Amino acid sequence: MRAGWLLGLLMSVQGLCAMFFVSDIMLTVLEVRARPVSWQTRELLEIGAAVGLILGVVLGWIAYRRSQRRVQAAEESLRLVQSAFKDHLEERFSAWGLTPAERDVALFSIKGLSLAEIAELRNTSDGTVKAQSNAIYRKAGVSGRPQLLSLFIEDLMAGD
């Protein structure tokens with residue numbers, strides 16, 4: 001809410017100052033002025049517009065820094081979630097008694113890779129990966145990849 005207000009103020013100040021300078025130049029070029037403005041008034045208007053532009057830069061910097069802090073906080077939160085999820089995977093894999101090869105296959109399966117892609121990454125045959133997948137499903141007490149994935153999704157949702 002405050003960021004929206006700050007952005008609105010920033011755009012208003014910048015717009016008014018830009019309109020002042022552009023209209024001043026256009027009126028001078030077109031010689032439209034009906035009566036001259038005193039130099040003191042003109043100087044005050046220009047100083048006010050310049051201060052407005054500087055204020056716009058300052059407010060822009062503040063808005064930028066706030067957005068950067070939000071991005072950093074979101075990235076840190078994501079790192080924590082990723083770390084916790086990885087730890088959770090490792091706990092489950094240990095509880096099921098998966099071998100190192102089965103852990104790799106299980107992780108690749110959860111990531112959504114096909115049996116052929118897993119076999120290629122691990123430099124093994126499709127049959128080996130299929131056998132390891134079946135062993136994973138048996139140890140996890142599920143009948144296939146969708147149920148394996150749903151175990152972890154349910155764990156994530158159980159925290160609500």
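**Getting to know the helices and the core**

Trainee: Hello! Which residues are buried in α2?

Mentor: Welcome! This is a predicted model, and a residue counts as buried in it when its relative accessible area is under 20%. By that cut-off, the buried residues of α2 are A49, G52, G56, L59, L89, F93 and W96.

Trainee: How far apart are the end C-alpha atoms of α2?

Mentor: Let's start with what to expect. The helix has 58 residues, and at 1.5 Å a residue it should span 86 Å. The model agrees with this, because the end C-alpha atoms of α2 are apart by 85 Å.

Trainee: Which helix supplies the largest share of the largest nonpolar core?

Mentor: This core has 18 residues, and F93, W96, I136, L148 and F152 touch the most other members. At least two residues come from each of α2, α3, α4, α5 and α6. The largest share, 4 residues, comes from α5.

Trainee: Which residues does F152 touch?

Mentor: F152 is among the core residues that touch the most other members. Leaving out residues up to four places away in sequence, its contacts are F85, H88, L89, R92, F93, W96 and I110.

Trainee: Is S109 buried or exposed?

Mentor: S109 sits in helix α3, where it touches I118, S133 and R145, not counting residues up to four places away in sequence. Its relative accessibility is 4%, so S109 counts as buried.

Trainee: What percentage of the chain is helix over residues 95-152?

Mentor: UniProt, in an unreviewed entry, lists these residues as "domain: HTH luxR-type". Over residues 95-152 the end C-alpha atoms are 14 Å apart, strand makes up 0%, and helix makes up 76%.

How values were computed:
Residues are numbered from 1 along each chain as its sequence is written. This is a predicted model: local features need pLDDT of at least 70, side-chain atom pairs count only at pLDDT 80 or more; totals for chains, interfaces and linings use all residues. Side-chain values use heavy atoms; hydrogens and water are left out. A nonpolar core is a set of buried Ala, Val, Leu, Ile, Met, Phe, Trp, Tyr and Cys residues joined through side-chain atoms within 4.5 Å. Buried means under 20% relative accessible area, exposed over 50%, partly exposed in between (1.4 Å probe, protein chains only). Contact means heavy atoms within 4.5 Å. The expected span of a helix is 1.5 Å times one less than its number of residues. UniProt positions are given in the numbering used here, feature names are shortened, and annotations may be inferred rather than shown by experiment.
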